[in-house]
Each structure stands twice: as structure tokens, then as C-alpha cells.
Amino acid sequence: MQFKKKILCIGAGYVGGITMAVIADKCPEYKITLVDIDYEKIDKWNSDELPIFEPGLDEIVKRRRGKNLFFEKDMQKEIKEADIIFVSVNTPTKNFGLGAGMAADLQFWEKTAREIRRYAESDKIIVEKSTLPVRTASAMERILSANDKDVHFEVISNPEFLAEGSAIKDLEEPDRILIGYKDTSSGRKARDEIIEIYAHWVSKEKIITSNIWSSELSKLVANAFLAQRVSSINSITPLCEKTEAEISEVARAIGMDSRIGNRFLNPSIGFGGSCFKKDILNLVYICRYYGLTEVADYWEGVVKINEYQRERFVKNMIDAMFHTLANKKICLFGFAFKANTSDTRESSAIYVAKRLIEERAKLVITDPKALNNAKKDLRGIDQNVDYIEDPYEASNGCDAIAVMTEWDIYKELDYEKIYKTMNKPAFIFDGRNILDHKKLFDIGFNVYPIGKPALVHF
Ligand SMILES: NC(=O)c1ccc[n+]([C@@H]2O[C@H](COP(=O)([O-])OP(=O)(O)OC[C@H]3O[C@@H](n4cnc5c(N)ncnc54)[C@H](O)[C@@H]3O)[C@@H](O)[C@H]2O)c1
């Protein structure tokens, strides 16, 4: 089949895989190919068991794979053939050298730029899809243009705002598409080509453009603002616990103020996921680099509150269970960093599990989608950890349940049945405030919500 344009995406992870599947679905006249250095991942994308779980993804991949959506291993060939190359490789926090623990590790991204330069034989548009520090596009341009070929690379920034768990909907009905470009004739031409892709299904008013630096920075700032809302509501939870105010009532009262809005006001054990922490730390690092100490300190506080909230949760468990967890059996309900995903990167459950292991508790972990990742996260320290998918079986014989992930199934379980099989006194620590606390208390549990007084029988 003759395709109108050939799009390549380098990096077939969460963002690359899902965004390209949706673009392929919406633009049948474009050929979309993904490559990755991880060949096992490419094999999985070509199999019946995709490398990631995301609601609705299986159907789209099945519909488009082999028609205009391809997962390939020959990067050289694909770079040569592509008109537009999206770069969606990972940009984790650097864990060595200058900026360790703060700055973005750009080695994967830089390697990609060098591969493109090496294999390209014709002009290409390079789209930054990864989240990158502000002004990365200029470094990308410098690497790409350090060639002796007669090839022009136009770099465009097009950050991705999807949220895992609702990614397909976020892509199909985005709040906005942001395209950052250089205001030159080739920059404007490239901008229009990217607009043309999204215009297949996104209305023109929702496709906004800006200069490249604003676009790069907007992604970091969007994540910083979202994470800040989580930390802001969480910072009020200990005060509620001390004063008999209830966080859900406070959240409702402030959320009805249209200036504040009601989203992202759920109290929890803290945010997780691969992006929030790394993007804020990256923002903090850039601010420190430019000598903006007060600004850096302000945003770093968001991460500090998150760490405080996780540790507070563990400390509450220790205090409630008579100051020792040694040899107690604790069941973690959920391990994914949020519901409807198999992703456990930076999940608060990892932190809580590690702390409970340090306290010599025995753990049983249950999760409908994330047990394979949980096993990887706790590899080497899980001698006293069992992984059991069925929550009834998992909680059998346990002293406590700790809710880590807001999966709907945990709201619908038969807690009378669970209570009967647990050690007494039985405890529930609801790290997501999703359960009916009064009902659990009436069944016999000692219940510890977040930001509300505990309901305790003794
Ligand atoms: N996960 C999210 O919710 C989300 C949302 C918006 C933006 N982002 C950003 O998107 C980027 C990708 O995130 P992700 O969650 O998809 O990461 P991921 O780890 O799931 O995927 C990245 C992929 O890139 C591959 N890769 C690395 N170096 C490569 C190279 N040189 N050539 C080919 N492939 C290479 C890796 O093998 C991996 O499969 C990050 O910058 C992230 O901050 C993520």
C-alpha cells in the first residue's frame, strides 16, 4: 500500500506505544512504525500479550497492527525511510555524577539523536515526545547538524500529557495538543505537518503552538502543578487527624470553589508514577542551575511532602499495631502506582513494602495487573513476600490489610468473609480512602483512613 507519510517512533514504551497506536488508528493513510533497543519489547508488541496494560489498547493494536502500525527491529532502515521521527525514549533521573538524584539522564535521548544523524539520508522532522529539560531542543539540533551530509533536521517539541490508566481517552479527547517550533520558514512548515496529523481528530482550537522553550517547560510545569495539588491536599491530612476535621469534607468544600476546582484532591499515600517526581526534580535542578534558590526550594517541598506522607503511613501502621510489625503478616491491596495500569514505577507501594520488610513484617501482595512488576521491584529482598492474585486468598491469615492502589475491585469485596479469615485484632489501613470505613468498623476491623479519625475497638 502507498502511504501518504511515514512516521517512525523511537522508543516503544508506554508513551511511544500508546500514542502511536492512537495516531495509526486516526490516520490510516500514514504508516506508523515503532523501534526500540529492547527487542523483547518489540516481540511482545507483535504478540497477543502486549508489554503494557492500558484499557482499550489491545483492541486498537489488534485493529491496526500489520495494516499501518508496525513494530520493527531494524532501526537503520526505519530511520532512512521515515519522514517524521518521534523520539519517545525514557529520560529518568540521573543516578550518577553531576546532578545525580535530580537532573534528567539524557544518555538515551542523545544516543537516539546520534543514531538519527548516522542513518538519515534525507530531510526529516524530529519530534521531541519525551519530557526534556527546557532548551534540550537546541542541544538536539547541534548534535543533528554536526554532520557532513546535505540533510536538514527540523526539531519540534510536542510533549505528551496523557495519564496512564486513561491514556487512550486522553489521546482521543485531549485537553490540548502543544506544538513548540522555531519561527523560521522550515520551522513553520514542520509545525504545520505535525498539526496536520492531530487535526485528523482534534479540533483546531485545541491544537496550540508556542516557541520550543515554552513547550518544553510547559510539560515540566504541568506535572509540577499536578503533583503539587496532591502534596497540598496530603499536607492537610495529618492536621485533620489531629483535629477531628475530615479531609473528604475539606476537599469537597474547597473543590466546589470554581477557582480551585475538584480534581486531584484525593488524599493518598502519595503520588507515584515514572514522571511526577523526576520532572519536579528536573525543574528544581534547572532552577538551581540558574541560581533560583527560592524557586527550587518551593518545588522541592512538593517532593518532600510526598516522602513525608509515605513515611507517616508506615509509622501509623507501626504505632497502631502495638509498636511492632515483626512477624506480622500484612497484605498489600494493590501495587500499581494507580488504578487501571500495570505500571509500578515509583509506586508508593514499593516504598511502603520496603519499609515493612525492614520492620520484619511478612508481606502478601495482591494486584490484578501489576504482580509481575512487583516481583521485579522487590527482587532480592522478597524472601518473606508472597504474590497472590486473589485478594481473598491473599488476605487469609493476615493481621492487616493496607490499601495501596485505588482499584475498583477492592471496593466491592466481601469484607465480612475476609474478616473471618484474618488474625484478630484485624486492621485495615486505607491508603486511598476508597473503602466504607464505618461498615468495616462494624464488621470488627480497626480502621485507619487517611485524614480522618481512626475507628478503633480498643
Ligand atoms: N509514562 C507516562 O505517563 C508519560 C507521560 C507523558 C510523558 N512521558 C515521558 O515520555 C518519555 C517516555 O516515557 P515512557 O513512560 O514511555 O518510558 P518507557 O521506559 O516506557 O519507554 C521508553 C522506551 O525507550 C526505549 N529506548 C531507550 N533508549 C533507546 C534508544 N536509544 N533507541 C531506541 N529505543 C530506546 C526503551 O527501551 C523503552 O522501551 C519520558 O521522557 C517520560 O517522561 C511519560
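Modeller: Just after α12, Phe322 takes a positive phi of about 65 degrees. Most residues other than glycine have a negative phi. Keep in mind that this is a predicted model, where local features need pLDDT of at least 70, side-chain atom pairs count only at pLDDT 80 or more, and totals for chains, interfaces and linings use all residues. Residues are numbered from 1 along each chain as its sequence is written.

Biologist: Okay, and how do you know how long α12 should be for its 28 residues?

Modeller: The expected span is 1.5 Å times one less than the number of residues. For α12 that gives 40 Å, and the helix reaches 39 Å from its first C-alpha to its last, so close to expectation. The helix itself, residues 293-320, is a DSSP run (H or I, at least four residues; strands are E, at least two; both numbered from the N terminus).

Biologist: What makes α9 and α12 parallel, perpendicular or oblique to each other?

Modeller: Their angle is about 45 degrees, with the axes 9 Å apart. Axes are lines fitted to C-alpha atoms, for helices over the stretch in contact, and angles run from 0 to 180 degrees between N-to-C directions. Under 35 degrees is roughly parallel, over 145 roughly antiparallel, 65 to 115 roughly perpendicular, and the rest oblique. So α9 and α12 are oblique.

Biologist: Which way does α9 cross α12, left-handed or right-handed?

Modeller: The crossing is left-handed, a term for a near helix turned anticlockwise from the far one by less than a right angle (right-handed if clockwise).

Biologist: Which residues of α9 and α12 meet?

Modeller: Among them are Ala224, Ser231 and Pro238 in α9, and Trp299, Ile305 and Arg312 in α12. Contact here asks for C-beta atoms, placed from the backbone, within 7 Å. By class, that contact has six nonpolar, six polar and one charged residues. Nonpolar covers Ala, Val, Leu, Ile, Met, Phe, Trp, Tyr, Cys and Pro, charged covers Asp, Glu, Lys and Arg, and the others, Gly among them, are polar.

Biologist: And what makes α9 parallel, antiparallel or oblique to α10?

Modeller: α9 and α10 pack at about 135 degrees, with axes 10 Å apart. That angle falls outside the other classes, so this pair is oblique. Their crossing is right-handed. Ile233, Ile236, Thr237 and Cys240 of α9 make the contact with Ile247, Val250 and Ala251 of α10. By class, this contact has six nonpolar, one polar and no charged residues.

Biologist: How do you know whether Glu346 is buried or exposed?

Modeller: Count the other C-beta atoms (placed from the backbone) within 10 Å: 20 or more is buried, 12 or fewer exposed, in between partly exposed. Glu346 has 22, so it counts as buried. Glu346 also has a positive phi, about 60 degrees, without being a glycine.

Biologist: Where does Arg135 come out, buried, partly exposed or exposed?

Modeller: Arg135 has 13 C-beta neighbours inside 10 Å, so it is partly exposed. Arg135 sits in the loop between β5 and α6, and its phi is near 85 degrees, another positive value in a residue other than glycine.

Biologist: And why does Lys417 get the class it has, buried or exposed?

Modeller: Lys417, in helix α16, has 11 other C-beta atoms within 10 Å, so it is exposed.

Biologist: What joins Lys424 and Pro425?

Modeller: A cis peptide bond, with omega of about -5 degrees. Most peptide bonds are trans. Pro425 is in the loop between α16 and β13.

Methods: Contact = placed C-beta atoms within 7 Å.
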